[in-house]
Amino acid sequence: MDYTLLVMLLKDLVILPFQEIKLELKDEISKKIIKLSSKKYNDRVLIVSPTSYKEASVDDLPKIGVVSYIKSKIELSNGNLRLTLRGEKRVKILDYKSFSEDIIDASIIDIILPKFEPTGEEVIKRKLRNTLNDLINISPNLSNSILKTVSENEDLSFLTDAITSFLPLPSSKKHEYMLELNSEKRALSLIKDIKIEINYNKLEEKIDNNVEIRLSKEQEEYYLKEKIKEIENTLNIKEDEEELASKYYDILEKLTLPLKTNDKLINEINKLKRTPKTSPEYGVIINYLEWVLTLPWNKSSNENLNVKSVLNHLNKSHYGLDEIKQRIEDYVNIKNINNKITNPIICLIGPPGVGKTTITKSIAEALNREYFKISVAGLNDATELIGSRRTYLGALPGKIIQGIKKCETNNPVILIDEIDKMVKDYKGDPASVLLDVLDPNQNKNFIDNYIEEPFDLSQTLFILTANSIDNIPYTLYDRLEIINLSSYTVFEKLDIAKKYILPKIYDEFKMSKKLIMKDDTLIYLINNYTKEAGVRNLTRVLKTLVTKVVSSKKESMTLTIPEIKNYLKESVNEIKFDKIEIPGIVNALAYTNLGGTVLRVEASIYNGEEKVITTGSLGDILKESVYVATSFIKESDYVSSTLFYNRTIHIHLLDAASKKDGPSCGVAITTAILSKLLDQKIDSTISFSGEISLKGNILPIGGLKEKLIAAYNNGIKKVYIPEGNSKDLLDIPKQITENLEIKLVNNYNVIYKDLFQEKK
Ligand code: ADP
């Protein structure tokens, strides 16, 4: 049965059944044909490839075409139509007609393919496949992707079309295959064409081989010429090399090195003399010698061991920090008795901005040692500390040796910053490597991978820092002398600002007039514009204010609260604690990496499934505290156990976004639940810190000083803390102990009596 399709003429291009082609159509007529075909002819279009460009009329067009499926069409921004067509079948064209003024259509009829004798067809298929295989084996440019399709398909017509579209045949040849309806004939022609292609390939290979032989000869000549050049070079530069080598010998002679190291370096210098300048090895040796020979093997700073002057320097640069100052005083005293003692490995632990880095720098200055800082936050690759082997491209010594070289002395103070943020992963464990660097028993013979020879680090004073003790790897922690630097109270900050920060700013700005600011104003600034354990932000805002006052050119240098508000646009949004007006809310004291803080614990209880839920980014330990608190109350006789029947307890910790964990909120959670159940509110000026056991015992906590400072800074008046922490109170600034009512408790009964029973 005949049917009609629109005709699209494809010049220079042939589409075969099963073949997919991509086209970009520019002309309006073709685009129209495709659009109409999609709409009216179920995405089918008849592709006709004219035999010659000069067909005068439709009568000269071929009588065979390929029905093609419009697989996709995309209108591009430049107006072109991008098209993917897939050939479906050859058809016989009965008649071309005029569809519209510029479009023709054709009535077509399917071709009934002749049946072939099965054995004959089988032989042809085998021959076709084998010949194709031979071609693919010999041709470097043809992929074997076609072989699978060919071996899996038995239809001869399909096979011939698939192979024809795969082969790099000229378009005219493909055209012939398109017009040939008899697949057996196509197969025989194809076998012939593939054989011709095989012969071409063989011939090409032969030519290539000849060219290659000739090239090899040329290459040989080139190689010899290069060799001669190299020899000439070596002869010419011989004198330079001698000079360089003797320079290195001179340096080496002036150093007092262990014999083995000395011999090794002599060997290296001799090797340099033998190595041609053009060899890559040459640069490697020079680099190595430059590094090793310029290390401060025997050069030390003359340490200042005058206790008075050392302390003077530290006190001048830093307020408080008594423990570290005391440790340095002890160190100097002992050093004065025995200069050979091993250096301590001090680790300063505290929140950001409390002076860890700057006091270390100040210690270096006070002792008249050089100073170098290595930051190890995020470090996971130990070679960064101890170098990579010379054989690696771009190899360098590690940060320790780099620091030593920079300091030009072998006894600097090296600060290793943020050791609690090192990462242990597949690249190695930097903590264990650091241990070798720090250990006084081993670091006398510290070997950097690049330097390869032992360097004595025992005179170096290592000071480490960390924000929190929790994340210091245990093996390392075990060897450290821990000194805690805690948050500053508002009054300490006031003192630091007046005596240290402002004078430093005046000095830096070379100011003769000083700022006139009342203490209250400074406290207002601290409370409203800084939210930190240390004084880093305070330093920043003070600098801004000084700049503003100076540039305002006003008569006096006074600074008032309204002016602060004017100069500093944004105050930090401390969570301002509203007065507690309803039961079920209490203050808890917590400790984070940034110092102590006051948290609000909220408890809700409502009818529903009998269970406990928690929100507010609670870690596992905190969640357990919630369960323990609930069980403790259920078992106690504070409330009737019927209060829990078919009720859900919901505990929420503000602020919800920041992750919280740690074992010190049990008492606060217990109190929040009881407050809710007994319908008695807790005063906003009370806060709690302590863990609770199932039996109501209150267990000691860490970070008491930080927590009490936070309580004080946040206007808390009374705190309940574990009795087990009483010894830590000696450490708390007097200002706080005098202004906070601190109640030591060892069992929850005491709190219950204080807060609930008395009011019953
Ligand atoms: P950290 O290393 O603990 O993060 P820094 O040593 O960088 O803190 O200190 C931050 C800023 O605060 C520095 O400008 C430093 O001088 C100042 N600072 C911190 N503590 C004190 C202090 N006790 N006395 C004087 N200035 C201090």
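The legends below describe close-up views of a predicted model of a protein chain with a ligand.

**View 1. The protein chain is divided into domains 1 to 6.** Along the chain, domain 1 covers 2-110, domain 2 covers 118-209 and domain 3 covers 236-293. Domain 4 (307-484), domain 5 (490-568) and domain 6 (585-759) are the others in this division. The centres of domain 2 and domain 4, taken over C-alpha atoms, are separated by 74 Å.

**View 2. The ligand sits in the second largest pocket.** Two elements, helix 11 (356-366) and helix 16 (490-509), give two or more residues each to the shell around the ligand. Domain 4 (307-484) and domain 5 (490-568) each supply at least three residues of this shell.

**View 3. The ligand is surrounded by 18 residues.** The closest are Y319, G353, T357, T358 and R536. By type, the residues of the shell comprise nine nonpolar, six polar and three charged.

**View 4. Polar side-chain atoms of K356, T357 and R536 lie beside oxygen atoms of the ligand.** For T357, the distance from a polar side-chain atom to a ligand oxygen atom is 2.4 Å. A polar side-chain atom of R536 lies 2.5 Å from an oxygen atom of the ligand, and for K356 the corresponding distance is 2.8 Å. On its own the ligand has 560 Å² of accessible area, of which the protein covers 90%.

Key: Residues are numbered from 1 along each chain as its sequence is written. This is a predicted model: local features need pLDDT of at least 70, side-chain atom pairs count only at pLDDT 80 or more; totals for chains, interfaces and linings use all residues. Side-chain values use heavy atoms; hydrogens and water are left out. A residue is near a molecule or strand if one of its heavy atoms lies within 4 Å of it. A polar contact is a pair of N or O atoms within 3.5 Å; within protein, one must be able to donate a hydrogen and the other to accept it, and residues adjacent in sequence count only if both atoms are side-chain atoms. Accessible areas come from the Shrake-Rupley method with a 1.4 Å probe; for residues, only the protein chains shown count as cover. On a 1 Å grid over the protein atoms alone, a cavity is a set of points where a 1.4 Å probe fits but cannot get out, and a pocket is an open set with protein on both sides within 12 Å along at least five of seven lines; lining residues have an atom within 4 Å of a point. A molecule sits in a cavity or pocket if more than half of its atoms lie within 2 Å of its grid points. Helices (H or I, at least four residues) and strands (E, at least two) are DSSP runs, numbered from the N terminus. Ala, Val, Leu, Ile, Met, Phe, Trp, Tyr, Cys and Pro count as nonpolar, Asp, Glu, Lys and Arg as charged, and the others, Gly among them, as polar. Domain bounds come from an automatic or database domain assignment.
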